[in-house]
Amino acid sequence: MKKIIVCVFLFLLMLVSFILISFVNNYFSNRIKMYIENKGVIYTQNYIQNAINNNVIKNIDINSMYLITKNQDDKISSVLINTAQVNNILLTVNEEIEKSITNLENEKLTLPISIIFSETLFSNIGPDITLRIMPLGRYKCDIISQVNDYGINNSLFEIFVKVDFVIETIVPLQKNESHVSCKIPIVMQIIQGEVPRYYYNTDKLIPDVYDNYQNN
């Protein structure tokens with residue numbers, strides 16, 4: 001009887017040791033690191049996109065963002081960007097990002113502890129690990145315009161907000177730095193005809209050119 005008890009004890013001890021070693025090994029593995037990093041990046045992307053879409057994009061007057069000009073043959077010669085409005089949008093986006101930084105510091109995500117053993121078999125079983133997202137305060141916002149060929153004899157004109165962001169995803173005994181990039185479309189316009197020249201300068205020139213065309 002004692003022999004059986006000793007054998008059972010040794011088996012349980014070995015089993016617990018194996019589970020602990022497997023847990024620690026998996027917890028600090030690249031798979032878990034990538035999983036946590038991707039979770040934080042995806043959440044941050046959605047958070048920023050929703051904030052900008054709800055508080056910035058829906059308040060933009062799309063029709064005043066750009067002006068299409070044509071030549072004497074009624075062909076599109078250029079697309080003029082209203083950079084006065086672009087600069088206002090950029091200012092508003094930066095203000096929204098500052099708010100997002102503050103709010104993200106208070107956000108907490110949960111990861112099932114069972115994900116350490118398997119991404120699929122036990123993905124929703126067991127207690128949760130708290131995942132925190134810490135913005136590092138380094139970000140860059142740009143308003144980008146581009147014109148590309150689209151189909152036969154058509155052009156696709158786009159204006160979008162591009163946000164590059166740096167965050168830390170933190171769990172007990174681990175933290176990872178991640179780079180987040182978001183592209184949020186403001187204007188997507190299909191233009192019939194050849195790809196036109198377009199102007200984009202956030203500092204000067206274009207507001208005057210745009211206003212002159214508007215006044216004519």
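Student: How many aromatic pairs does the structure hold?

Tutor: This is a predicted model, and it holds 2 aromatic pairs. One pair is formed by Y43 and Y47, with ring centres 6.1 Å apart and 35° between the planes.

Student: Is that pair stacked, edge-to-face or tilted?

Tutor: The angle between the planes decides. Under 30 degrees counts as stacked and over 60 as edge-to-face. The Y43 and Y47 planes, at 35°, therefore make a tilted pair.

Student: Where do Y43 and Y47 sit along the chain?

Tutor: Both are in helix α2, 4 residues apart, so about one helical turn separates them. As for solvent, Y43 is partly exposed, at 25% relative accessibility.

Student: How many disulfides are there?

Tutor: There are 0 disulfides in the structure. A disulfide needs two cysteine sulfur atoms within 2.5 Å. The cysteine sulfur closest to that of C141 belongs to C182 and is 9.5 Å away, so the two are too far apart for a bond. Looking from the other side, C182 likewise has C141 as its nearest cysteine, and C182 is in no disulfide.

Student: Are C141 and C182 buried or exposed?

Tutor: Relative accessible area under 20% counts as buried. C141 is buried at 10%, and C182 is buried at 1%.

Student: How is the chain built, from the N terminus on?

Tutor: Start with the elements. The chain has 4 helices and 7 strands, in the order α-α-β-β-α-β-β-β-β-β-α. Then look at how contacts span the sequence. Of the contacts with a separation of 6 or more, 68% join residues 24 or more positions apart.

Student: Which residues have the most contacts inside the largest nonpolar core?

Tutor: That core has 45 residues, and the ones with the most contacts inside it are I52, M65, V93, I97, F157 and I186. Several elements supply at least two core residues each, including α2, α3 (83-104), β4 (128-149), β5 (154-171) and β6 (174-192). In the chain as a whole, buried residues make up 38% of the 216 residues.

Student: What does F157 touch?

Tutor: A contact list is read with close sequence neighbours set aside. Not counting residues up to four places away, F157 touches Y66, V79, I81, S145, Q146, V147, V187, M188, Q189 and I191.

Student: Which residues is Q85 in contact with?

Tutor: Q85 lies in helix α3 and is buried, with a relative accessible area of 14%. Beyond its neighbours within four places, Q85 contacts I60, D61, S64 and M65. Q85 and I60 are 25 residues apart in sequence, with 8.8 Å between their C-alpha atoms.

Student: Is N176 buried or exposed?

Tutor: N176, in strand β6, is buried at 8% relative accessible area. With neighbours within four places left aside, N176 contacts K33, I167, E168 and T169.

Student: Where is confidence lowest and where is it highest in the chain?

Tutor: Begin with the average, then go element by element. The chain averages a pLDDT of 76, and 82% of the residues score at least 70. Helix α4 (residues 206-215) is lowest, with a mean of 39, and helix α2 (residues 30-55) is highest, at 86. Over residues 199-216 the pLDDT is below 50, and this stretch has 34 contacts in the model beyond near neighbours in sequence. Predicted coordinates should not be read in detail where pLDDT is low.

Technical notes. Residues numbered from 1 in each chain as written. Predicted model: local features only at pLDDT ≥ 70, side-chain atom pairs only at ≥ 80, totals over all residues. Heavy atoms only, no water. Buried < 20%, exposed > 50% of the residue type's maximum accessible area, 1.4 Å probe, protein only. pLDDT = per-residue confidence, 0-100. Contact = heavy atoms within 4.5 Å. Core = buried A, V, L, I, M, F, W, Y, C linked by side-chain atoms within 4.5 Å. Phe/Tyr/Trp six-rings, centres within 6.5 Å; stacked < 30°, edge-to-face > 60°.
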